Amino acid sequence: MNNIDEVSDDLIVDLYSTEPEKAIRFTEKKYGNLCHKLISNHLHIYEDAEECYNDFLLNMWKSVPKHHPENLKAFSCRIARNHAIKKLEYARSKKRDYPRTSFDELCDYISDVGNAEEGYDGNFLKEQINTFLSGLPKLERQIFVRRFFFGDSVKEIGKSLNVTSFRVSNIIFKTKKQLRLFLEKNSCI
């Protein structure tokens, strides 16, 4: 198969059980750049991003056969992002001076969301944020996800969505405010 786009995600997922090395190569060709960029957007130190990317590939090898994801692209991005955030938390726990990320920006804004000791867990908050996002207009949802999930810069988002950086910044500001109000209304804050 010369063109990776001709290889279906279902075939790649099935290959993880029978020919995992081939599945990893296909995953890298199809989603490697996206996942590497996602990791690099959260980890600004090259060596950390490379280590995290390798950990991501290993985790794909272990996780795909067990979970058999329906959407390989989304699954890959989630695994990559989770590894990046874990690596970021680890680096900061070791008192390394690490640049702030878009993830930090969002966490600061909703920092008083209830924690596990108050009866909230990550899944509850995730469900609330997903509910909030599903109610947003398409452009606002795309900007929010690109900024806070993928870690894209305001400039990158504006360029890819054909809107000005100023408009992207305003939408991010407005959406964070709306999210905070939504979480307060639903007793999360």
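1. Salt-bridge network. In this predicted model, salt bridges join Lys-37, Arg-146, Asp-152 and Glu-156 into a network. One link of the network pairs Lys-37 with Glu-156, whose closest N and O atoms are 3.2 Å apart. Lys-37 belongs to helix 2 and Glu-156 to helix 8 (residues 154-161), so this pair ties together parts that lie 119 residues apart in sequence. Both partners are partly exposed: Lys-37 has a relative accessible area of 34%, and Glu-156 has 32% relative accessibility.

2. Other salt bridges. The count for the structure comes to 7 salt bridges. Among them is the contact between the side chains of Lys-30 and Asp-9, at 3.0 Å from N to O. This pair links distant parts of the chain, with Lys-30 in helix 2 (residues 20-42) and Asp-9 in helix 1 (residues 9-18), 21 residues apart. The two partners fall into separate accessibility classes under the cut-off of 20% for burial. Asp-9 is buried, at 18% relative accessible area, whereas Lys-30 is partly exposed at 22%.

3. A salt bridge within one helix. Glu-184 and Arg-180 also form a salt bridge, with 3.5 Å between the closest N and O atoms. Because these residues are 4 residues apart in helix 9 (residues 165-185), about one helical turn separates them. Glu-184 counts as partly exposed, with 36% relative accessibility.

4. Overall composition. The secondary structure of the protein chain consists of 9 helices and 0 strands, and along the sequence the pattern reads α-α-α-α-α-α-α-α-α. Of the 189 residues in the chain, 41% are buried. Among contacts with a separation of 6 or more, 63% involve residues 24 or more positions apart. The chain exposes about 11,200 Å², of which carbon and sulfur atoms supply 50%.

5. Geometry of helix 3. Helix 3 (residues 46-67) contains 22 residues and reaches 30 Å from its first C-alpha to its last, close to the 32 Å expected at 1.5 Å a residue. The helix bends by about 30° at Met-60, and Met-60 is also one of the buried residues of helix 3. Just after the helix, His-68 adopts a positive phi of about 40°.

6. Buried residues of helix 3 and their cover. Asp-48, Ala-49, Cys-52, Tyr-53, Phe-56, Leu-57, Met-60, Ser-63 and Val-64 are the buried residues of this helix. Their cover includes helix 1, helix 2 and helix 4 (72-93). What does Ser-63 touch, if residues up to four places away in sequence are not counted? The residues are Phe-75 and Ile-79. Ser-63 is assigned to the buried class because its relative accessibility is 10%, under the 20% limit.

7. Aromatic pairs. The count of aromatic pairs comes to 5. One of them is formed by Tyr-53 and Phe-56, a tilted pair with 5.6 Å from centre to centre and 40° between the planes. Tyr-53 and Phe-56 are both in helix 3, 3 residues apart, about one turn of the helix. Both rings belong to buried residues, with a relative accessible area of 7% for Tyr-53 and a relative accessibility of 1% for Phe-56. Phe-149 and Phe-150 form an edge-to-face pair, with 5.1 Å between the centres and 75° between the planes. Phe-149 is partly exposed, at 23% relative accessibility.

8. Aromatic cluster. Which residues do ring pairs link into a cluster? The members are Phe-132, Phe-144, Phe-148 and Phe-182.

9. Points to check against the model. For the ionic contacts, the N to O distance of 3.0 Å between Lys-30 and Asp-9 can be read alongside the 3.2 Å between Lys-37 and Glu-156 and the 3.5 Å between Glu-184 and Arg-180. For helix 3, the residues to locate are Met-60, where the bend of about 30° occurs, and His-68, with its positive phi just after the helix. For the rings, the tilted pair of Tyr-53 and Phe-56 may be viewed together with the edge-to-face pair of Phe-149 and Phe-150.

Definitions and conventions
Residues numbered from 1 in each chain as written. Predicted model: local features only at pLDDT ≥ 70, side-chain atom pairs only at ≥ 80, totals over all residues. Heavy atoms only, no water. Helix = DSSP H or I, 4+ residues; strand = E, 2+ residues; numbered from the N terminus. Buried < 20%, exposed > 50% of the residue type's maximum accessible area, 1.4 Å probe, protein only. Contact = heavy atoms within 4.5 Å. Areas by Shrake-Rupley, 256 points an atom, 1.4 Å probe, with all protein chains shown as cover. Salt bridge = Lys/Arg side-chain N within 4 Å of Asp/Glu carboxyl O. Phe/Tyr/Trp six-rings, centres within 6.5 Å; stacked < 30°, edge-to-face > 60°. Expected span 1.5 Å × (residues − 1). Bend = angle between axes of the 7 residues up to and from the residue.
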